[in-house]
Structures are given as C-alpha cells and as structure tokens.
There are 2 protein chains.
Amino acid sequence: MLGRLYGIGVGPGDSGLITQKAIDIINKIDVIVAPITKMGKESKAFNIAKPYLKADVETVELEFPMIDLEKEKETLNAKWKENATKIAELLKQGKNLAFLTLGDPMVYSTYSYLFPYLEEVNIKPITIPGITSFCASAAELGVPIVQGNETFCVLTQITSLEEFDKYKELFENIVIMKPFSSRETINAAIEKYNLHDRVYAISNCGSENQEISRGFVKEDISYFTIILIKFGN
Amino acid sequence: MLGRLYGIGVGPGDSGLITQKAIDIINKIDVIVAPITKMGKESKAFNIAKPYLKADVETVELEFPMIDLEKEKETLNAKWKENATKIAELLKQGKNLAFLTLGDPMVYSTYSYLFPYLEEVNIKPITIPGITSFCASAAELGVPIVQGNETFCVLTQITSLEEFDKYKELFENIVIMKPFSSRETINAAIEKYNLHDRVYAISNCGSENQEISRGFVKEDISYFTIILIKFGN
C-alpha cells in the first residue's frame, strides 16, 4: 500500500512553535524529508523539529536551490520533478513521509512547488499548517498586524514610491518579507509620509541574535527581517 | 509581585493546532481568561484549549461584544477598558494569566484591543502566535496561498468591481475573510474575469461541517468562510 505524505509547517524557528498535531505526526513517521538549499548545508526545518523526532528515524534531504525562479525556471522545474519522484518512490515502498517546511507550508514554501508533480502521479499530501514568520514577528514586537475591518498585505518587495503609494491607498497595514532589496523605497516613504513611528523591523525573530528597530531601515539588515508598516489610515 | 499576562493564539478550531509553547503555558497558568461575545455564550477559544487545561484552573470570562466598531466606538472603548482593568486587578494579586484568542493574537483578535489600556497601567503582555484561519484553510484546500515572488493580501470585504480591479492589479493572490457581505462583488468578478477555477471557498474549516467549493460563492455561506482567489498573473 502507498504510504502517506504529510507536509508539516514547523514554524519560523523556535521549536516551541510547532503544533501538537505536527509533533504527533513527526513522532511516529517512517521518513523525515528535509529541504536544504545546497548539498552539505544544514536544514533549518530539520533542526527545529529535531527535539520531537524518533532517535532512529530515516532522514532524506532534498535540494531546493535558492536560484532565481524567473531566470532559471527550467533548472528549478527539473529539480522539483526529481524531488517529487524521490518522494513517490519512498511512498511506493509503503513508507509514511513527513516533509518539513519552515513557517507555514502554504506561504512561500518550497514544499508547494512539488504539488503539480505529485498530482501527476496521483499523490495527495496532507498539509499541517504552521506559524508564519510575520505572526511570530508581530508577537515579539507586541504590535497587532491587523484589527477590526482593516486590511493587510504581504509583499516581498517594493521597488518605487509610486508602487508604495498604491499599497498605501488600499491598506492600513503592510508586511514586507525579505525587505533588503526594498530598503531605499521604504526609507524614502518613511521620510515622505513621516512614518518614523509607524515602521517596525525585526530581524532573526525568536533567535539569540534577534534585533528590533523602529523607523529607517538600516543598511546591513539580515535576510531574515520582517518589516511591519502601520498607516493607521 | 505583579503576575504575567500571556496572550495565547489557540488556532482556528482544531485542538491539535495549538503550539507546544502555548500548551506549556496554559498547562501551568493560574487563571485562564476567555473572551466571549455575549454573557452566557460559550467561548470558542476556551473549548479549543480545554484538553490542555488543569482540571481546577480558575477561569474568567470577559465580554467583547460583536458590535460595529465605527458606530459604537464609545461603548466598545468602555468595554475594553473595563476588561483591561479586570486583568490588571488579577495581575496585581500576583496571578499569572493566559488570555486565549482564536487564530493568531495579532491578526483580527479582540485581545489586541486591550493593548493601549494595558500600556496605560504599564503591563506588557507576552504574546504566543497561533495558526491563522487562512493558513489552516489553505492546508485543507491543498492550495498554496503564495509562492516565489508573488504577493497576497487579506481583506474582510470588497464592495465594488472597481475596488476588486485595484486589488487584482496589485496581487496574484487574495484571501477574503468573512466574505458573505462581498458575495455579489466576488461573483461578478468571477463572471467578468472567468475565475471559476481560481476561486476557492472553505467554510467551518477543520470542523465536522466543513464545506469546500469552487467558483461562484453560494448565497447561504457560513460566517466562518475563507475565500482564496488565485489570479496566477
């Protein structure tokens, strides 16, 4: 009989932020599938889940390279197909698999790239949601993301003040993930709209080197930074 | 000594979707604070957390009426202040409190309305993030909310096609919570842009009466419905 594939959100970094359901599954699973960005690199998701794993659990690492999706679509497609095929082979051996993903499996996860290939071979994964990095960040900041009838959006970049204005017109709250490429636009917007008190940044949320700041975005912010802008329109 | 106040996200409904950290806290807390919409009504958040509570834990229910924030701002402000005062009194008795909230405490939660009043009396809560209803819904649907460099937004209403067009121009993915008031606009947009295959609805996610559909939004959808629109721009 075909095994079961679980896609498990392990949350943003703190092992305490895994759900009970995820723990129950990874505790009794046959194989843990951990995504890595490069062979030889550690899997962040695996390290988060480690305290809950059986000592002798079989582990399989799958490479999801961090390359540009638009520029190297073919390379990535081939890689995703290869990974889906490996997963299908393990399932055919009757093994139950847990694919670990950082944060939530449906929000910017590599796991979701496997879906079309798994569908081709008729595999329907069961997905266990996880804590997103922006929710964990807001909790650490002590600042609500959205209240009442307000709206919010999640972006990975803002390239110009004109673009910023469009978002500002429609939203009371903006979350920006990986904001380093949007730094200049964000700082220009802070200046233009006097948002110094309304822009929060948190880097490496929940880890030892967590850093919180307000106002202008610094030049050397870490890749794992979340920015929260509250217009209070 | 002043007690500690924890704001705990218990997730959208399934008791398995509480985090390990939340369980550890509510398991050793002195007082559980549960929000209710009306005296005599059950607290959803309390029922979700129930399996993890000490048998003899002290419970306090606080009323957060479901009335219009814009129309009855004063009534609500008075209620929030009253609730914050009750919490402050318990903390002054040296008790540790866990305030339970559905989903995530920073995403549309009544808990966050207490912040300004707690700040006045110098109380800094510790917030534990939770699984949002839209992440749990996407997991049940088996559909990613956002991938790669895409963006998404979370709305509580869309009142016209013109407004819809603005969101469509800026986003590849839209999540609509409590969509019953936006039903006609969403259906008009489905017709106009031929989105029949790109609109997913899920009601009462994770509960016995969960319902999933695609395309036009039905007239009798439940209050607890999430709509996911994937433009694939």
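I began with B:Phe152, which touches A:Val107, A:Phe134, A:Cys153 and A:Val154 across in chain A, and B:Phe134, B:Ile145, B:Val146, B:Phe171, B:Asn173 and B:Val175 in chain B, residues up to four places away in sequence not being counted; contact here means heavy atoms within 4.5 Å.

I noted that this is a predicted model, in which local features need pLDDT of at least 70 and side-chain atom pairs count only at pLDDT 80 or more, while totals for chains, interfaces and linings use all residues. Residues are numbered from 1 along each chain as its sequence is written, chains are lettered from A in the order in which they are written, and side-chain values use heavy atoms, with hydrogens and water left out.

I then looked up the largest nonpolar core (buried Ala, Val, Leu, Ile, Met, Phe, Trp, Tyr and Cys residues joined through side-chain atoms within 4.5 Å, buried being under 20% relative accessible area with a 1.4 Å probe and protein chains only). Of its 130 residues, A:Ile8, A:Phe134, A:Phe152, B:Ile8, B:Phe134 and B:Phe152 touch the most other members. A second, separate core holds 40 residues, including A:Leu195 and B:Ala201.

I turned next to B:Ser109, in the loop between β4 (97-101) and α4 (115-120) of chain B, where helices are DSSP runs of H or I with at least four residues and strands are E runs of at least two, numbered from the N terminus. B:Ser109 is buried, at 4% relative accessible area. Its side chain reaches the backbone oxygen of B:Pro105 at 2.7 Å and the backbone nitrogen of B:Tyr111 at 3.3 Å.

Technical notes:
Buried < 20%, exposed > 50% of the residue type's maximum accessible area, 1.4 Å probe, protein only. Polar contact = N/O pair within 3.5 Å; in protein donor to acceptor, adjacent residues only side chain to side chain.
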